[in-house]
Amino acid sequence: MAEDISTATPQRAIPQMGDAYFDPLLQDAGEGLEGPGGAMHRYARRPEGFMLGAADFDPETWLLSRQPLYTEAEHHRWRLLFDNQRKMLPGRACSDFLKGFAALEGAMKDGIPDFADLNAVLEPATGWRVVPVPELIPDNVFFWHLENRRFPAGAFIRGGKPKTLKVRKANEGAAPEHIAYSQVEDDLFYLQEPDIFHDVFGHVPMLMDPFFADYIAAYGKGGRRAIEHNRLKNFGAIYWYTVEFGLIQEAEGLRIYGAGILSSPDETLFSLYSDSPHRIALNVDRVMRTDYVISDFQDTYFVIDSFEALHKATAGRDFGPIYQRLPAGFTYATTALLDTDTVVSAGTQEYKFNGGKGKPRAMAHMDRLRTAHGR
Ligand SMILES: [Fe+2]
């Protein structure tokens with residue numbers, strides 16, 4: 001962790017289709033990476049549909065030295081997702097998200113954004129930067145980046161998610177290692193792990209908000225203590241129910257700030273309009289004891305009044321004594337309603353109790369929502 005990467009700027013070039021360009025780390029089908037000085041130093045045409053690209057990978061920071069080179073098909077995929085989800089935002093995303101989004105939209109609308117373009121807007125605003133990572137990174141590294149106002153974003157886009165992640169040692173004594181993706185087509189709207197669309201479209205606009213920016217940095221700082229106290233699961237629930245799936249009560253009505261919702265058109269409708277999930281005023285102690293749903297819509301959403309209040313409820317508190325009182329693991333089921341809850345709306349749990357994703361009656365529930373809200 002000692003290496004100072006605070007001045008490193010991820011760089012990326014977008015090649016024109018059919019252009020030959022120099023990429024010493026590019027590999028051919030069936031061949032391995034040779035490393036610097038080997039046979040791979042040559043001009044190469046990127047094989048469309050085969051791989052996302054290759055970049056230096058630092059196993060200590062888990063960062064790529066730059067974003068991979070994306071194909072036109074990948075940029076097209078981004079534009080599909082972007083145009084689709086952009087239409088969902090008005091009247092649904094919270095005002096601070098929309099403000100941040102407006103500032104960043106120019107860097108996002110024409111294809112997979114160059115992080116340098118995003119950072120040119122983001123860094124002067126709140127000191128945050130987006131940095132590319134090849135896959136989900138370990139918790140301790142993730143927290144360290146957050147604490148230092150670096151937001152790790154997956155470098156690949158869904159639909160071309162890495163089937164095999166190849167990390168090869170560079171030549172003896174030569175760091176860093178190299179990483180490359182093999183590309184496999186899969187379903188555009190089925191997201192197995194956070195990709196660049198979720199991470200950038202969903203998360204980065206909120207990092208433009210000063211209170212939220214401070215909140216996430218403070219969250220990163222708290223992560224180390226949570227690991228020390230063996231309460232990482234509980235601490236993770238705070239992130240899950242705020243940063244990923246949070247709702248906020250605004251003067252005009254309920255709005256979304258969670259990135260997990262804002263990068264999913266269906267959950268955008270479900271979280272706001274479905275009568276199935278509970279919506280409960282956020283209480284940090286309660287949230288830390290509550291299980292959550294990983295592979296389907298949430299059974300419960302927690303609602304905040306302001307990001308300032310959220311920041312105060314977390315950053316200003318000493319979690320040490322709380323961890324000592326917290327039992328290991330979760331106490332409350334995802335569908336629980338407690339006497340002590342401030343309930344915004346009690347859900348029917350119809351979607352959940354009909355089996356959720358893929359089950360006929362749950363899908364009929366979603367069809368009704370889409371019809372009612374014009375999707
Ligand atoms: Fe996320």
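# Briefing: a predicted chain with an iron site

Thr314 is buried, with a relative accessible area of 10% (buried is under 20%, exposed over 50% and partly exposed in between, with a 1.4 Å probe and protein chains only). The model is predicted, so local features need pLDDT of at least 70 and side-chain atom pairs count only at pLDDT 80 or more, while totals for chains, interfaces and linings use all residues. Residues are numbered from 1 along each chain as its sequence is written, and side-chain values use heavy atoms, with hydrogens and water left out.

**The chain as a whole**

- The protein chain has 14 helices and 13 strands (DSSP runs numbered from the N terminus: H or I of at least four residues for helices, E of at least two for strands).
- Of its 375 residues, 53% count as buried.
- Among contacts between residues at least 6 apart in sequence, 69% join residues at least 24 apart (a contact means heavy atoms within 4.5 Å).
- The accessible surface of the chain comes to about 16,200 Å², and 52% of that surface belongs to carbon and sulfur atoms (Shrake-Rupley method, 1.4 Å probe; for residues, only the protein chains shown count as cover).

**Thr314 and its surroundings**

- Thr314 is part of helix α11, which covers residues 307-315.
- A polar atom of the Thr314 side chain lies 2.8 Å from the backbone oxygen of Leu310.
- Leaving aside residues up to four places away in sequence, Thr314 touches Tyr215, Ile238, Val284 and Phe319.
- One of these partners, Ile238, is itself a buried residue of α7.

**The iron site**

- Which residues does UniProt list for "binding site"? The unreviewed entry names His198, His203 and Glu244 (positions are in the numbering used here, feature names are shortened, and annotations may be inferred rather than shown by experiment).
- These three residues span 47 residues in sequence, yet no two of their C-alpha atoms are more than 10.0 Å apart, so they gather at one spot.
- The protein donors of the iron ion are His198 through NE2, His203 through NE2, and Glu244 through two OE atoms, at 2.0 to 2.8 Å from the ion (donors are N, O and S atoms within 2.8 Å of the metal, or 3.2 Å for Na, K and Ca; water is not among the atoms, so sites may look incomplete).
- Along the chain, the donors follow the spacing H-x4-H-x40-E.
- The angles among the four donor atoms run from 51 to 133°, and the site is irregular. Four donors are tetrahedral if all angles lie between 85 and 135 degrees; four are square planar and six octahedral if opposite donors are over 155 degrees apart and all others between 65 and 115; anything else is irregular.

**The two histidines**

- His198 sits in helix α5, residues 196-203, and His203 lies in α5 as well.
- Are His198 and His203 buried or exposed? His198 is buried at 6% relative accessible area, and His203 is buried at 4%.
- The side chains of His203 and His198 make a polar contact of 3.1 Å (N or O atoms within 3.5 Å; within protein, one must be able to donate a hydrogen and the other to accept it, and residues adjacent in sequence count only if both atoms are side-chain atoms).
- Not counting residues up to four places away in sequence, His203 touches Phe151, His198, Tyr239, Val243, Glu244 and Ala259.

**Covered helices**

- Helix α7, residues 232-244, is mostly covered, with eleven of its 13 residues buried.
- The buried residues of α7 include Tyr239, Val243 and Glu244, and His203 touches these three.
- In α4, the buried residues are Val141, Phe142, Phe143, Trp144, His145 and Leu146.
- The cover over the buried residues of α4 includes β4, β6, α6 (210-228) and α7.

**Loop residues**

- Arg149 follows α4 and lies in the loop between α4 (139-147) and β6 (150-154).
- Phi of Arg149 is near 60°, a positive value in a residue other than glycine, and Arg149 is partly exposed at 24% relative accessibility.
- Trp62 has a positive phi too, near 65°.
- The loop that holds Trp62 runs between β3 (51-58) and β4 (63-64), and Trp62 is partly exposed at 21%.
- Gly159 is in the loop between β6 and β7 (162-168), and counts as buried at 1% relative accessibility.
- How far apart are the C-alpha atoms of Gly159 and Ala73? They are separated by 10.0 Å, although the two residues are 86 residues apart along the chain.
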